[in-house]
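Student: Please pick one part of this chain and take me through it closely, then show me how it sits against the rest. Give me your cut-offs as you go.

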Amino acid sequence: MYGKWKDSWFFNVRKDVLSGITVALALIPEAIAFSILAGVDPMVGLYASFIIALVISFTGGRMGMISAATGAMASLMGPLVAKYGIEYLFAASILTGIIQYLMGVFKFGKFITFIPHSVVIGFVNALAIIIFLAQLPSFAGAGWQMYAMVAGTLVIVYGLPRITKAVPSALVAIIVMTIISINLHLDVRTVGDMGEITQTLPFFHVPDFHLSLQAIGVILPISLALAVVGITESLMTATIVDEMTETKSDKNKEVRGQGIANVFSGFFGGMAGCAMIGQTVINVKSGGRSRLSTFVSGVFLLFLIMVLGNVVKQIPMGALVGVMFMVSIGTFDWKSLRTIAKIPRSDALVMVITVAIVVATSNLAIGVLSGVTLSALIFGWRSAKIKAFTSIDANGAKTYRVSGQLFFGTMTYFIDLFDYRNDPETITIDFSSSHVWDHSAVTAIAKTIAKYEQLGKTVICIGLNEESKLLVKQAS
C-alpha cells in the first residue's frame, strides 16, 4: 500500500509542493472571474476550485492535472442562475457530477481516441489564444506601471531558470512583484479589485431545490451540456499532459473522478468545474507531476483564503497576467506553424477550423466536435472510393476483382460497377482486396446478386475474409 501511495503521491515532493503553491496563487483571479461570468458570488468559484482540486487529487486518473472552476463551464451557468437562482446551480452541479460518473462507468473516456491529432493541435492552439486574449482586459485604462510589472514578471519567469531551477520561476515572480507593489505603493489593479474574498470555510449544504419532473427538466439540459463540456476539456487536457510528461493516464477513471468532484462541489456551495489547461501547464512547467501537486493547490488555495486573505488581495494583477502570458506562449504549439504547409491540406484545414471555432465561440466542446466531424467527413470522402478490375477466362466467365471498402458510403457505387445485361452467364465477384463493414454493404451485395439472378445468371462470391463472411452470414 505504501509503495502505491509513494508512486502516485510522494516521488516528487519538493517540486509538487512548490508547483501546487504557484497554481493556487494563479487560481484565485481565475476563480473570481469565472464566478462573475456565472453571475454568482466570487466565493462560489473559490470554493469550487478548492473542493474540486482536493477531491480530484484522490479520484482522478491523470496525476499532475489541475481541475477547478473554469470559464467554459461558467459561461453555460449564467442563464440558469439569472432565471432560477443559485440553488438551481448547486443542484445542476450535482447532477452534472452524477452524469459524468455514469459516463466514466460506461467508459466514455475511450472516445478520446477518436479525436484526430490535427484537432488536438487546434484545441491546444485555440486555448493558448484564448488565454492570451483573456488577459487583455486587464490593460484597459492601465498606466505604465502595469506594463512594467508584466515585463518584470516575464523577465523573472524566463530569466530565473537560467540561474536556478530550485524553485518555480512563476512563484518567485508573483512574490517579487507583490513585494515591489506593496513597498512602492504602486497604482495598479490587484486581486482584491476583482471581487470580495471572505475568510469563511465552505460547509455542507443540500440545495434548496424542489425535486420534481419540472425542476429536473430545467437543470437536466444544463447539466448534460456541462458534463459534455467538462469531460471534453478534461480528456483533452489529460491527453496534452500525457504528451508533455510522456506518461499515461486512466481516462475513464478521470471521467469518474471529475463526476465525484463535481458532486462534492455542488454540496459544498461550489459550481461544477473541470480540468484547467492554463493552470495545468503552470503546474507541469513548475515541476508538478504527482497527485500531491493537485492536492497542495487546493489546500493552499483554502489557506490563502482563510489565513492570508488580506495579503492575497494585494497581489498585483500584472504579475498574474505575466504568468498567464507565459502559459499562453508555452501552450501554443509553435511547431505547428512550421509544419502546417507540409502536412496534408485536409489536416491543416481541420486544425485551422478547430482554432477558429473555439476562439470565436469560447466553447471547447463545439470546437472539438466540429473538428472531429469534419475529420470524419474527410475520412469518409476518402474511403468512399471503390473500383472493380474485370477479366474473362477461357470458358467465357467474367470476374470482377473489387478494390476498396464496402460500407454505406460506397453502396451505390458498388451496385453501379456491374454490366448486368451484357455480362456472360457466370460472374465471379472477388472480394480479396475489399472488406464488408456494415449492413448497407451486405444489402448492396444482395441487390447485385438479385439483379443477375433476375436475368437468369449465376453469381459466385469469393475472397471474403472471415469477418466479412460472418457479417454477410448474420445479415442474410
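Tutor: When I say two residues touch or are in contact, I mean they have heavy atoms within 4.5 Å. Before we start: this is a predicted model, where local features need pLDDT of at least 70 and side-chain atom pairs count only at pLDDT 80 or more, while totals for chains, interfaces and linings use all residues. Residues are numbered from 1 along each chain as its sequence is written, and side-chain values use heavy atoms, with hydrogens and water left out.

Let's start at Gly60. You'll find Gly60 in the loop between α3 (42-59) and β1 (67-68); helices (H or I, at least four residues) and strands (E, at least two) are DSSP runs numbered from the N terminus. Gly60 has just 1% relative accessibility, so it counts as buried; that word means under 20% relative accessible area, exposed means over 50%, and partly exposed is in between, using a 1.4 Å probe and protein chains only. What does Gly60 touch, leaving aside residues up to four places away in sequence? Its partners are Lys253, Glu254, Gly257 and Arg291. Look at Arg256 too: its C-alpha atom is separated from that of Gly60 by 7.4 Å, though the two residues are 196 apart along the chain.

Now go to Arg62, also in the loop between α3 and β1. The Arg62 side chain meets that of Asp242 in a salt bridge, at 2.6 Å from N to O; the cut-off is a side-chain nitrogen of Lys or Arg within 4 Å of a carboxyl oxygen of Asp or Glu. Asp242 sits in helix α9, 180 residues away from Arg62, which makes this a link between distant parts of the chain. Asp242 also meets the side chain of Lys251 in a salt bridge, this one at 2.7 Å from N to O. Put the two pairs together and you get a salt-bridge network of Arg62, Asp242 and Lys251. How are its members placed, buried or exposed? Arg62 and Asp242 are both buried, and Lys251 is buried as well.

There is a void in this part, too. The structure holds 1 cavity of 30 Å³ or more, and about 60 Å³ of space lies in the largest cavity. The search runs on a 1 Å grid over the protein atoms alone: a cavity is a set of points where a 1.4 Å probe fits but cannot get out, a pocket is an open set with protein on both sides within 12 Å along at least five of seven lines, and lining residues have an atom within 4 Å of a point. Points are joined across faces, edges and corners, and the volume is the space filled by probe spheres set on them. Several familiar names line the largest cavity, including Gly60, Arg62, Glu254 and Arg291. Others in the lining include Ile56, Ser57, Met63, Met65 and Thr294. The elements giving two or more residues to that lining are α3 and α12 (291-306).

For contrast, the largest pocket has a volume of about 750 Å³. Its lining takes in 30 residues, with Glu30, Phe34, Gly71, Ile130 and Ala134 nearest the centre. α2 gives the most to that lining, with 7 residues.

The salt-bridge count for the structure is 3. The pair we haven't met is Asp423 with Lys398, whose closest N and O atoms are 2.8 Å apart. Asp423 lies in the loop between α18 (411-415) and β5 (426-436) and Lys398 in strand β4 (398-406), so this pair ties together parts 25 residues apart in sequence. Asp423 and Lys398 are buried too.

Two other loops are worth a glance for their backbone. Most residues other than glycine have a negative phi. Lys107, in the loop between α5 (86-105) and α6 (117-135), has a positive phi near 60°, and its 48% relative accessibility makes it partly exposed. His185, in the loop between α8 (169-184) and α9 (213-245), has a positive phi of about 55° and is exposed at 69%.

Zooming out, the chain has 20 helices and 6 strands, and 53% of its 476 residues count as buried. Among contacts between residues at least 6 apart in sequence, 84% join residues at least 24 apart. The C-alpha trace spans about 100 × 55 × 50 Å along its principal axes.
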